[in-house]
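Open the model in your viewer and keep the sequence panel in view. The stops below go from a helix pair to three single residues.

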Amino acid sequence: MASYDLIVIGAGPGGYVCAIKAAQLGLKTAVVEGRETLGGTCLNVGCIPSKALLHATHALHEAEHNFAKMGLKTDKPQVDWDQMLAYKRDSVGQNTSGIEFLFKKNKIDWLKGWGSVPEAGKVKVGEETHEAKNIVIASGSVPTSIPNVEIDNKIVVDSTGALELGRIPEKMVVIGAGVIGLELGSVYRRLGTEVTVVEYLDAITPGMDAEVARNFQKILTKQGLKFVLGSAVQGVSVEGEQATVTWKSRKDDSEESLTADCVLVATGRKPYVKGLGLEELGVEMTDRGQIKIDDHFKTSVDGVYAIGDAVPGLMLAHKAEDEGVAIAEILAGQKGHVNYEVIPGVVYTHPEVATVGKTEEQLKEAGHAYKVGKFPFLGNARAKANHSAEGFVKILADKETDRILGAHIIGPMAGDLIHEVCVAMEFGAAAEDLARTCHAHPTYSEAVREAALALGDGAIHA
């Protein structure tokens, strides 16, 4: 029986980052993972493979629509779907093997297999039981479905199945207009698929700043995605190589249906805690099947902690990573902490959408006096030169103190630009601090500065 200071269950972003940090802080650490490769959902069947397909299909879009404008004359590019999938798998392989290298470098043991916790201080993997002073559960999440929709990952697929389709479908119905549905819907639209998105709510990307969401939908519609909003899917029936999706309008109860080659169910994710033995252990759970934790990630059982998608909060890889670092520091006697007010979210379509902090709707509901600074990418020289001038930067600040409360960007490289605002918010900066910081020209980031300037005397280029 091996003995460790810490055993982490799950090698996704939360788990592997937690393990590496703990090892760096001197804790003897092991990670339990049953997949053949490390990295969890994110690296294997989530963030990384989807971004590879988004990158490849955006390059296709540029070749089809913008190359000629820039004087690049070429025949229309042909899509080799098998090669594109091979490129995606290679991207995954490079990243997962990189995590394995980091485990060896930091002397972290990989306990291969699926783990359970028979009692506090012990983790069972296969037939072997290992002792640990502390256990961190980082078991992640899995896709969810809805009633009357059975996923076979052939015709009716979840996000995992959508990354490995045998062919490019002519028609696809996406159920759910959240991040996953819109990203993968964009991939297949660029490949020539006719994509229809059916959403229960009256707007796409629930929880996003409403102005950004409206503009986002307009841009995606212009790209060819079709939207059916305010509609509840009643069921999906499969016949042969096709599936028919039936939905009912929430407004007037009218019913419609559409037949497609593929149906992507993108209705969210749920914590994956199956087989861990948490109920028998006495670990308290929430009504939504999440592991209940305190402010220091501790469960109701001493010595057992949990992070990431398995606990309440945003289901984001980087949120899990921050929690992994924080709990490792706590277990090493330090004061680990996560600032949940400054966790960015990104949609990796083109243009990208990135958000951090409060939305206008949240500030209004809270009665918080605020002001808005906006700047369109149409006023940004770099964006215009690169045929990427759609969208805008929007910064929200306290009306009296000018302290930044949130930012919402739709435009080129938004997922990178948002971090300038994140750093500013982490240090309690005012919008004027951003506005007075010199930004290189010509860069997309100048749009962030201009939005900050708009909160004061006014933007220069608008």
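Select helix 3 (residues 47–65) and helix 6 (residues 179–190); in this predicted model their crossing is left-handed. The two helices pack at an angle of about 40°, and their axes are 9 Å apart.

Now show the side chains where the two helices meet. On helix 3, pick Ser50, Lys51, Leu53, Leu54, Thr57, His58, Leu60 and Glu64. On helix 6, the partners are Glu183, Leu184, Ser186, Val187 and Arg190. Colour this contact by residue class and you should find five nonpolar, four polar and four charged residues.

Keep helix 6 on screen and add Thr349, which sits in the loop between strand 18 (345–347) and strand 19 (352–357). Which residues does Thr349 contact, leaving aside its neighbours within four places in sequence? They are Leu182, Glu183, Ser186, Arg190 and Phe216. Of these, Glu183, Ser186 and Arg190 also belong to the helix 6 side of the contact with helix 3. Is Thr349 buried or exposed? Thr349 has 2% relative accessibility, so it counts as buried, the cut-off for that class being under 20%.

Next, select His408 in strand 22 (residues 404–411). His408 is buried, with a relative accessible area of 1%. Draw a distance from its side chain to the backbone oxygen of Lys358: the value is 2.8 Å. Then display the surroundings of His408, not counting residues up to four places away in sequence. The residues it touches include Ala354, Thr355, Val356, Lys358 and Thr359. Another group is Phe392, Val393, Lys394 and Leu396, and Asp209 and Val212 complete the list.

For the last stop, go to His441, in the loop between helix 13 (431–435) and helix 14 (446–453). An unreviewed UniProt entry annotates His441 as "active site"; such annotations may be inferred rather than shown by experiment. Is His441 buried or exposed? His441 has a relative accessible area of 58%, so it is classed as exposed, for which the cut-off is over 50%.

Leaving aside neighbours within four places in sequence, His441 is in contact with Ala381 and Glu446. Show both side chains of the pair His441 and Glu446, and a polar contact of 3.0 Å can be drawn between them.

To finish, put the two histidines on screen together: His408 is buried, whereas His441 is exposed.

How values were computed:
Residues are numbered from 1 along each chain as its sequence is written. This is a predicted model: local features need pLDDT of at least 70, side-chain atom pairs count only at pLDDT 80 or more; totals for chains, interfaces and linings use all residues. Side-chain values use heavy atoms; hydrogens and water are left out. Axes are lines fitted to C-alpha atoms, for helices over the stretch in contact, and angles run from 0 to 180 degrees between N-to-C directions. Helices (H or I, at least four residues) and strands (E, at least two) are DSSP runs, numbered from the N terminus. A crossing is left-handed if the near helix is turned anticlockwise from the far one by less than a right angle, and right-handed if clockwise. Contact means heavy atoms within 4.5 Å. Ala, Val, Leu, Ile, Met, Phe, Trp, Tyr, Cys and Pro count as nonpolar, Asp, Glu, Lys and Arg as charged, and the others, Gly among them, as polar. Buried means under 20% relative accessible area, exposed over 50%, partly exposed in between (1.4 Å probe, protein chains only). A polar contact is a pair of N or O atoms within 3.5 Å; within protein, one must be able to donate a hydrogen and the other to accept it, and residues adjacent in sequence count only if both atoms are side-chain atoms.
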